[in-house]
Amino acid sequence: MAGQNASYIIGRIKSEIPGMDVATALDFLDNNEDIYVQVVEVYIEEYIREDIDRALEASDIDLYRTRVHALKSSSRSIGAMELAKGAEELEMAAKASDLDLINAKHAKVMSEYSDLIEKLKDITV
């Protein structure tokens, strides 16, 4: 957070990252902006794309499902609902062992995830 206050960071997230539903995320946190910013910082620190990619490369569908489930949940917690939706689609595809759907959507969802991380880093640092 580097000396920036929570309201300032949240304002930047709302204005600079289209589609972020910060209001819903804050509702789950009793509108505590400081906690929201802490959750965003943990989200950045716990970047799991490499874990997800490795699980897919190893054809470990159970681990893949677990990791994209974590991505879905953590993305929802910060208001990244579109990313959460994409992760949920991957999770459901993994549950169904639908490798065609996973292969069709994986790269796009992971790209969105990486892009979001970079934008959040730019705002919070």
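In this predicted model, the largest nonpolar core comprises 37 residues, and among these I13 and Y36 touch the most other members. Two or more residues are given to this core by each of the helices α1 (6-16), α2 (22-28), α3 (33-45), α4 (49-57), α5 (61-78), α6 (81-95) and α7 (99-124), with the largest share, eight residues, coming from α7. In soluble globular proteins, nonpolar side chains tend to be buried together. The surroundings of I13 give one view of this core: when neighbours within four places in sequence are left aside, I13 is in contact with M20, V22, Y36, V40, L120 and I123, and Y36 is thus both a contact of I13 and, with I13, one of the two residues that touch the most other core members.

A second position of interest is L71, which is placed in helix α5. L71 is buried, because its relative accessible area is 0%, where buried means under 20%. Apart from residues within four places in sequence, the contacts of L71 are Y43, I48, I52, L83, A87, M110 and Y113. By contrast with these contacts, A25 is given here as a reference point for distance, since L71 and A25 are separated by 46 residues in sequence and by 15 Å in space, taken from C-alpha to C-alpha. The polar residue environment of H106, in helix α7, was examined next. H106 is buried, because its relative accessible area of 10% falls under 20%. The side chains of H106 and D53 are joined by a polar contact of 2.7 Å, and D53 also appears among the residues that H106 touches when those up to four places away in sequence are not counted, namely I52, D53, L56, Y64 and L90. I52 is listed both for H106 and for L71.

Attention then turned to the empty space in the model. Rolling a probe the size of a water molecule over the atoms shows where empty space is left. The largest pocket has a volume of about 230 Å³, and its lining is made up of 13 residues, of which I17, P18, L83, E112 and L116 lie nearest the centre of the pocket. The elements giving two or more residues to this lining are α6 and α7, and the largest share, four residues, comes from α7, the helix that also gives the largest share of the largest nonpolar core. By class, the lining holds seven nonpolar, two polar and four charged residues. L83, one of the residues nearest the centre of the pocket, is also among the contacts of L71.

Definitions and conventions: Residues are numbered from 1 along each chain as its sequence is written. This is a predicted model: local features need pLDDT of at least 70, side-chain atom pairs count only at pLDDT 80 or more; totals for chains, interfaces and linings use all residues. Side-chain values use heavy atoms; hydrogens and water are left out. A nonpolar core is a set of buried Ala, Val, Leu, Ile, Met, Phe, Trp, Tyr and Cys residues joined through side-chain atoms within 4.5 Å. Buried means under 20% relative accessible area, exposed over 50%, partly exposed in between (1.4 Å probe, protein chains only). Contact means heavy atoms within 4.5 Å. A polar contact is a pair of N or O atoms within 3.5 Å; within protein, one must be able to donate a hydrogen and the other to accept it, and residues adjacent in sequence count only if both atoms are side-chain atoms. On a 1 Å grid over the protein atoms alone, a cavity is a set of points where a 1.4 Å probe fits but cannot get out, and a pocket is an open set with protein on both sides within 12 Å along at least five of seven lines; lining residues have an atom within 4 Å of a point. Grid points are joined across faces, edges and corners, and a volume is the space filled by probe spheres set on the points. Ala, Val, Leu, Ile, Met, Phe, Trp, Tyr, Cys and Pro count as nonpolar, Asp, Glu, Lys and Arg as charged, and the others, Gly among them, as polar.
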